[in-house]
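Subject: Structure handover

Dear colleague,

I am passing on the structure we discussed, and below it you will find notes on what turned up in it. Please read them with the model open beside you.

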Amino acid sequence: MKNLKRMLCIFLTTALLAGMCIGAVSAFAAKEKPKTVTICSRTEPKYDNSWYKDLTVYQIWCRSFKDSDGDGIGDLEGVYQELDYLKDLGVDCIWFSPIYPSPQKDYGYDIADYYGINPEYGTMETFEKVMKGAHDRGMKVVMDLVINHTSDQHQWFQESRKSKDNPYHDWYFWRDPKNGSYPNNWDSLFEGKAWKYDENLGQYYLHVFAEGQPDLNMDNPEVRNEVKKIMRYWLDKGVDGFREDVISYISKDPGLPDGIPLPAATGIEHYDKGPNLDSYLKEFKQDVYNNYNMFTVGEMPQSKPADALTYGCGKRLDMLISFDQMTADGIVTDYVHVPFSLVRYKRAWRDWQTQLYGKGWNCLYIENHDHARVISRYGSEHYWKESGKTLATSYLMLTGTPFIYQGQEIGMLNTHFNSLDECKDVVTFNNEKTFAKVGVTGQRYLDLVNKTSREHARTPVQWDDSKNAGFTTGTPWFGVNPNYKTINVAAEQKDPDSILNYYKKALKVRKAYPALSKGSYKEYYPASEKIYCYEKDYGDQKALVICSFSKQDIPFVAPTGFDLSKGTLVLQNYPDAPAGSRSCTLRPYECRVYIYNG
């Protein structure tokens, strides 16, 4: 790519631009200044929550899941209507991306009230009906907890900007101008500089993300106590845990010093895993988590297995969301696009599988609301069905808790935008300005959006081949992918060979064989850009997982010690699987899973 070096310079430290949803934070407040409350802490958990290791989690981005009332926006009643669908898929837990009241500047990750439900999605009564319906079917419910920032429409922030002596002023980072300009040189990861000037106060407020997402000052104990109050509110209501959005950013370096001048991410070293992160997470765990039968998974951009050993593994959080496996076709961020590398994909899984085994627990995913559709990225739209199944196999047979994003289970693909006018995401428009600085404009930038943007994950779920894919009877808030006539739930439910039915079988196979869901990991042929092959071991059971990432037939030789003719073939994406004792020919994107007992 002609501008790759210049783009890399700009994006090298921005693992957060584009492929990451970054959230909103905190809670709804009373009108009077809250008083600091001393909480009796538990040093040991009251419950054994190891059940989270046996879950399959399904992420719902409610706005695009299913619309029940014809207003074009997905809602909770639509979720309720499809609980049996999720149960039949093999889902044990629903994770809701933020469904709180929000002005939707970052589609829910800018939260205006942490104790309510967005009226576009329904009421608290509807949510409680959904939660009860899920629990009645044996499924857990997890909320998105965003405690790095709030919406600028949140009551706390509205109070904080009234005056410098307002009780809420110190709940955010307000600073005087420095030499007539910004308080420091930090960049926002979503919109220009990280500071927005308020004419009334004559001060700037900090926003690491969008201008409408001011950062909370977690150093203020009143803020932390309010966050704990929010956690208890939802846990007492019956939710089973939290996915904690960009949790590694909640602690900033004292004094907010200038950062190393790095275009588009200056200052990140002063808030990524800041000085008090561990103590704040420890406080939340002792004061809240240990008192409930629940689990936590934290989003930590740029995290490595060592971070999981520090902050995860039940020490502070139960699991961390890693982005490593999602950069196999980009440099640091999805938007700096390079050809997909199977070697990079495998290396990411290998590092996490081997370094956490016996010490922690992995969060497994290949799609979410922050990334383009994985078949369009890592697979082949030509070999849509085959590559969709192989991608599923490649990660569902690993040790950890698997996450599935809505539409992934039917093989939804990237859509096609003819103009940026069709786009919705703040990141798309911010990156347009950033890429313009290196000469990537017009059609060239639109081509990049069509390959890499997280917009693709937000098109409505395709339920059937009726108008608007059965998502809504009204006008959808966002364009439906035109391929819904062939890629939809109804069609795949009828097709025994569909991607949907493959996911169902894969999840059953995973749970039936402990070597797959709990076994140790050993990889073979790590330098191959065509074959992903690994062994799983648990007790006296072994598994051999074989995945081709080639568009051509390729020869395969089983690792020493494995006889394909003596293994039990428990999963495959072609109707037949001819093989000798050690060798076979793998067809395009073919995958197989063998089990060996004793």
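Two strands are taken to pair if DSSP finds at least two bridges between them. By that criterion strand β8 (residues 295-299) pairs with β9, since the two are joined by three bridges and run parallel. In this pairing, Glu-299 has Ile-321 of β9 as its bridge partner. Please bear in mind throughout that this is a predicted model.

The β8-β9 pair belongs to an open sheet of eight strands with parallel pairing, whose order is β9-β8-β7-β3-β2-β1-β13-β12. At its edges stand β9 (319-321) and β12 (363-364), each of which pairs on one side only.

There is also an open sheet of three strands, in the order β4-β6-β5, and here the pairing is antiparallel. Its edges are β4 (174-175) and β5 (195-198), each of which has a single partner strand, so one side of each is left without a neighbour in the sheet. Between β5 and β6 (residues 203-206) there are four bridges in the antiparallel sense, and Trp-195 is bridged to Leu-206 in β6.

Turning to the interior, the largest nonpolar core has 149 residues, and those with the most contacts inside it are Phe-96, Phe-127, Trp-234, Tyr-345, Tyr-395 and Tyr-532. Helix α15 (residues 499-512) gives this core its largest share, namely seven residues. A second core, separate from it, has 19 residues, among them Phe-190, Leu-256, Tyr-271 and Val-426.

Helix α11 (residues 384-396) may be worth viewing alongside the core, as Tyr-395 is among its buried residues. The helix has 13 residues and reaches 18 Å from its first C-alpha to its last, close to the 18 Å expected at 1.5 Å a residue. It is mostly covered, with 11 of its 13 residues buried. Leaving aside residues up to four places away in sequence, Tyr-395 touches several aromatic residues, including Tyr-345, Trp-349, Tyr-365, Phe-403 and Tyr-503, and its other contacts include Leu-364, Ile-366, Pro-402, Ile-404 and Gln-408.

The aromatic side chains deserve a paragraph of their own, as the structure holds 45 aromatic pairs. One of them joins Tyr-100 and Tyr-114 in a tilted arrangement, 5.6 Å centre to centre and with 45° between the planes. Tyr-100 and Tyr-114 both lie in the loop between β2 (93-96) and α4 (124-136), so the pair ties together parts that are 14 residues apart in sequence. Tyr-100 and Tyr-114 are both buried.

Another tilted pair is formed by Tyr-383 and Tyr-589, at 6.1 Å centre to centre with 40° between the planes. Tyr-383 lies in the loop between α10 (374-378) and α11, whereas Tyr-589 lies in the loop between β19 (583-586) and β20 (591-597), so this pair ties together parts that are 206 residues apart in sequence. Tyr-383 counts as partly exposed because its relative accessibility is 22%, while Tyr-589, at 4%, counts as buried. Both belong to one aromatic cluster, whose members also include Phe-340, Tyr-345, Trp-349, Tyr-378 and Phe-549.

Finally, there are two placements of a lysine over a tryptophan ring to look at. The charged end of Lys-66 sits over the ring of Trp-463, 5.3 Å from its centre, and that of Lys-140 sits over the ring of Trp-51, 4.3 Å from its centre.

With best wishes

Notes: Residues are numbered from 1 along each chain as its sequence is written. This is a predicted model: local features need pLDDT of at least 70, side-chain atom pairs count only at pLDDT 80 or more; totals for chains, interfaces and linings use all residues. Side-chain values use heavy atoms; hydrogens and water are left out. The expected span of a helix is 1.5 Å times one less than its number of residues. Buried means under 20% relative accessible area, exposed over 50%, partly exposed in between (1.4 Å probe, protein chains only). A nonpolar core is a set of buried Ala, Val, Leu, Ile, Met, Phe, Trp, Tyr and Cys residues joined through side-chain atoms within 4.5 Å. Contact means heavy atoms within 4.5 Å. Rings of Phe, Tyr and Trp (its six-membered ring) pair if their centres lie within 6.5 Å; planes under 30 degrees apart count as stacked, over 60 as edge-to-face and the rest as tilted. A charge sits over a ring if NZ of Lys or CZ of Arg is within 6 Å of the ring centre and within 35 degrees of the ring normal.
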